Amino acid sequence: MAQSDLPKNLFVVNHPLILHKLTLMRDKSTPSAVFRQLLREISLLLAYEVARDLPITTQTIETPLAEMEAPILKGKKLVIVSILRAGNGLLEGMLDLMPSARIGHIGLYRDPETLQPVEYYLKVPEDISERPVIVVDPMLATGNSVSYAIKRLKEKGAKDIRLVCLLSAPEGIRQVCGAHPDVKVYTAAVDSHLNDHGYIVPGLGDAGDRMFGTK
Ligand code: URA
């Protein structure tokens, strides 16, 4: 995908540290324990970027030397919503940086024939409409699951939604950015294409399997 074709709501966070760690993750010889640790480190770096435009207010505090109006995050704590199961791999690094965040989960699996999402679990804070929401899923492939998850969160009242994906395919970007132009999408890399099984090429394989050692 040429730079000029990228949708306005897509942000490619191609920091050298992220790219280096991502290369290690892509390598098929990287063991699960290292893969998980790298994902945790990258997700912390992505969290830093996705939090960049969170609203700020000020609070009066006293330092040892003086009173001051000091900046502080405004409003309720944000919610991180993990798309099960691979989304959980992005949670820990995000929580390292934002430990008070609330956590939501949405359970979806891909029908292997239609590649369409099927929902089996959904639990999010009741006051999600009052909180910024960060949806996490490492692989933006067809975009069907992510689009569906965002639609369900909007039905639950979410208004201020950001999406963090480690790797994206052009097909998924077009799907999600087209269906949800109000959602800012953050990704570390945009890969070449999807194969016939819906896997990102060159990608890193099945993120859930590589993370959890199932295969
Ligand atoms: N899910 C994965 O885990 N990997 C892909 O390449 C696509 C979807």
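I started with Tyr121, which counts as partly exposed because its relative accessibility is 39%. My cut-offs: buried is under 20% relative accessible area, exposed is over 50%, and partly exposed lies in between, with a 1.4 Å probe and protein chains only. This is a predicted model, where local features need pLDDT of at least 70 and side-chain atom pairs count only at pLDDT 80 or more, while totals for chains, interfaces and linings use all residues. Residues are numbered from 1 along each chain as its sequence is written, and side-chain values use heavy atoms, leaving out hydrogens and water.

**Entry: the tyrosine patch**

I placed Tyr121 in strand β6 (residues 117-123). Strands (E, at least two residues) and helices (H or I, at least four) are DSSP runs, numbered from the N terminus. Tyr121 joins Tyr109 and Tyr120 in a nonpolar surface patch, with about 350 Å² of accessible area together. Areas come from the Shrake-Rupley method with a 1.4 Å probe; for residues, only the protein chains shown count as cover. Patch members have over 30% relative accessible area and no salt bridge; nonpolar side chains (Val, Leu, Ile, Met, Phe, Trp, Tyr) are joined within 5 Å, like charges within 9 Å.

**Entry: strand β10 and its partners**

Next I looked up β10 (residues 184-190). Five of its seven residues are buried, which leaves the strand mostly covered. Two strands pair if DSSP finds at least two bridges between them. Strand β1 (residues 10-12) runs parallel to β10, joined by three bridges. Here I found Leu10 opposite Val185. Strand β9 (residues 160-168) is also parallel to β10, with six bridges. In that pairing Arg162 stands opposite Lys184. From β9 the chain passes through helix α5 (residues 170-179) to β10, a right-handed β-α-β crossover. Right-handed means that, with the strands pointing away from the viewer, the path from the first strand over the helix to the second runs clockwise.

**Entry: a hairpin**

I then checked β2 (residues 56-62) and β3 (residues 67-73). Seven bridges join them, and they run antiparallel. Ile56 has Leu73 as its bridge partner. Four residues lie between the two strands of this hairpin.

**Entry: Asp137**

Is Asp137 buried or exposed? It is buried, with a relative accessible area of 10%. Asp137 sits in the loop between β7 (132-136) and β8 (139-140). Beyond neighbours within four places in sequence, its contacts (heavy atoms within 4.5 Å) include Ile83, Leu90, Val146 and Cys165.

**Entry: salt bridges**

Side chains of opposite charge can pair when their charged atoms come close. I counted a salt bridge where a side-chain nitrogen of Lys or Arg is within 4 Å of a carboxyl oxygen of Asp or Glu. The count comes to 16.

Lys184 pairs with Asp53, with the closest N and O atoms 2.5 Å apart. Lys184 is in β10 and Asp53 in the loop between α2 (32-50) and β2, so the pair ties together parts 131 residues apart in sequence. Lys184 is partly exposed at 30%, and Asp53 is partly exposed at 34%. A salt-bridge network links Asp53, Asp160, Arg162 and Lys184.

I also looked up Arg85 and Asp209, which meet at 2.9 Å, N to O. Arg85 is in the loop between β4 (79-84) and α3 (88-97), and Asp209 is in helix α6 (residues 207-212), 124 residues apart.

Last came Glu155 and Lys151, whose closest N and O atoms are 3.4 Å apart. The two are separated by about one helical turn, because they are four residues apart in helix α4 (residues 144-155).
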